[in-house]
Amino acid sequence: MDKNVEAFMEEIIAKDPGEKEFHQAVQEVAESLMPFIEKNPKYKKAKILERIAEPERAIMFRVPWLDDNGEIQINRGYRIQMNSAIGPYKGGLRFHPSVNLSILKFLAFEQVFKNSLTTLPIGGGKGGSDFDPKGKSDNEVMKFCQSFMSELFRHIGPNTDVPAGDIGVGGREIGYLFGQYKRLRNEFTGILTGKALNWGGSLIRPEATGYGCVYFAQEMLKTKKDSFKDKTCIVSGSGNVAQFTTEKIIQLGGKVVTLSDSSGMIYDPDGIDEKKLAYVMELKNIKRGRIKEYAEEYNCDYYAGKRPWEIECDLAFPSATQNEISKNEAQKLVDNGVIGVSEGANMPTEADGVEIFLDAKILYGPGKAANAGGVATSALEMSQNSLRLSWSREEVDERLHNIMCRLHESCVRYGKENNFVNYVNGANIAGFVKVADAMLDHGVV
Ligand code: NDP
């Protein structure tokens, strides 16, 4: 490891020793940025990287609620307001039992660079709770969301901090959270994105992360004069990002052969077509069932406890969660001839797996670039809320597509190394410059 990165990381680790996901995310960025910062002493002198790695504010709170049996349950809520140099804090809420300070700090840190890359005026934040919506009744989810918002409302606002969804937070949860905010503040403002269409949501927001991730892959393929036509693709997860990644791949002529959830994966060599995808959407979003049921419905293989990375493919789309591709799995993908990986999830590949992709010089789009379409469209939802106007489906999709193309160009500009594009360096440096320059302008704050 570079000496400067080592010294920097020693301080980060000493400050918060237990936060391994946060250290992983910071180290990856520091490795990209340190040579750039050494060449640009103004950033070094102003300690920009040290400041970016410290949240502006980290809020932690108790979330008590009554379950259907009348028992009191207590969860922990968080909001990390990481950086507001270029706009209000923006980033999702995650409800999952694994949620802790380290995971939310890593996500908030990544979000700062991602949001800057979108070219839109949004700062970075993230939040959530260790609450698990799985197996809870609608009533329990509502009670929890109301209690969560009863504290969060005092920290957010349309010009301060605008949360959205993430794992475990979809349209249902955003609805309950919004309802409680409106009741407490007595105002109807765009304080959350991912809202339903009839009360301030944007067309294409549900599709945006998955579509954007595929648009990004399409741009990477174009650099090799290639396309999605007849490509075999593997997708992990079966939630929001996985579903719309699959939809767009089908539309562009590719074939998706896997999906998964935290219990296992399905392998459908015939490909998931639009009809089968509609079944998955109903199964996951309405019935809230398990992906295993797909294998029973369509008579294909189900592998309990497995992830898709051993299946031969041209392109891989990790769309479930962090650290879901290990070093060995990355190697397996490369050995099986993968030509591209576009990350819908945040930090799905472990650090030594990323090394393998970079060494093999495949088209590797890291999450902070490839999945930025979600937050970009959230920012478009904020614009529509401020204008009190709604744009058409075509208009939002076109803006999303343009943003992903521009974002890809920025990564190429900063990441080009001879005949290879290092999208990790490209995304980190391009995202950093805009935030860093704003921080220089604002002085020591
Ligand atoms: P959903 O909750 O809709 O879906 C998550 C999917 O991943 C489910 O299939 C879930 O399975 C699976 N999953 C979750 N945790 C684990 C785990 N620990 N191990 C294995 N599988 C797991 O979330 P999203 O689709 O919204 O988010 C997926 C990823 O995309 C996350 O990394 C998120 O941060 C990222 N992302 C999302 C954006 C958005 O707009 N929604 C924007 C940018 C990034 P199960 O049902 O069994 O839990």
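A salt bridge, as counted here, is a side-chain nitrogen of Lys or Arg within 4 Å of a carboxyl oxygen of Asp or Glu. With that in hand, let's look at how the parts of this predicted model meet.

**Domain 1 against domain 2**

The protein divides into domain 1 (3-52), domain 2 (57-188) and domain 3 (208-370). Take domain 1 and domain 2, whose centres, over C-alpha atoms, are separated by 27 Å. Each side brings 10 residues to the contact: 10 residues from domain 1 and 10 residues from domain 2. Between domain 1 and domain 2, about 1000 Å² is buried, and carbon and sulfur atoms give 69% of that area. Which residues of domain 1 lose the most area to domain 2? They are Glu21, Phe22 and Ile52, and together they account for 54% of what the domain 1 side buries.

Charge plays a part in this contact too. Two salt bridges are counted between domain 1 and domain 2, along with five residue pairs in polar contact, both residues being at pLDDT 80 or more. On the domain 1 side, helix 2 (residues 20-39) gives the most, with seven residues touching domain 2. Sorted by class, that side of domain 1 has six nonpolar and four charged residues, and no polar ones.

**Salt bridges by pair**

Across the whole structure there are 26 salt bridges. Here are two of them, with their N to O distances.

| Salt bridge | Distance, N to O |
|---|---|
| Lys105 and Glu19 | 2.7 Å |
| Asp138 and Arg172 | 2.7 Å |

The pair of Asp138 and Arg172 links distant parts of the chain: Asp138 sits in helix 6 and Arg172 in helix 7 (residues 171-185), 34 residues apart.

**Aromatic pairs**

How many aromatic pairs does a search of the whole structure find? The search turns up 23. One of them joins Phe61 and Phe148, with 5.3 Å centre to centre and 50° between the planes, a tilted arrangement. Rings count as tilted when their planes are neither under 30 degrees apart nor over 60, so the 50° of this pair puts Phe61 and Phe148 in that class. Phe61 lies in strand 1 (residues 57-66) and Phe148 in helix 6 (residues 138-152), so their pairing ties together parts that are 87 residues apart in sequence.

Terms used
Residues numbered from 1 in each chain as written. Predicted model: local features only at pLDDT ≥ 70, side-chain atom pairs only at ≥ 80, totals over all residues. Heavy atoms only, no water. Domains from an automatic or database assignment. Contact = heavy atoms within 4.5 Å. Buried area = accessible area lost by both parts, 1.4 Å probe. Polar contact = N/O pair within 3.5 Å; in protein donor to acceptor, adjacent residues only side chain to side chain. Helix = DSSP H or I, 4+ residues; strand = E, 2+ residues; numbered from the N terminus. Nonpolar A, V, L, I, M, F, W, Y, C, P; charged D, E, K, R; others polar. Phe/Tyr/Trp six-rings, centres within 6.5 Å; stacked < 30°, edge-to-face > 60°.
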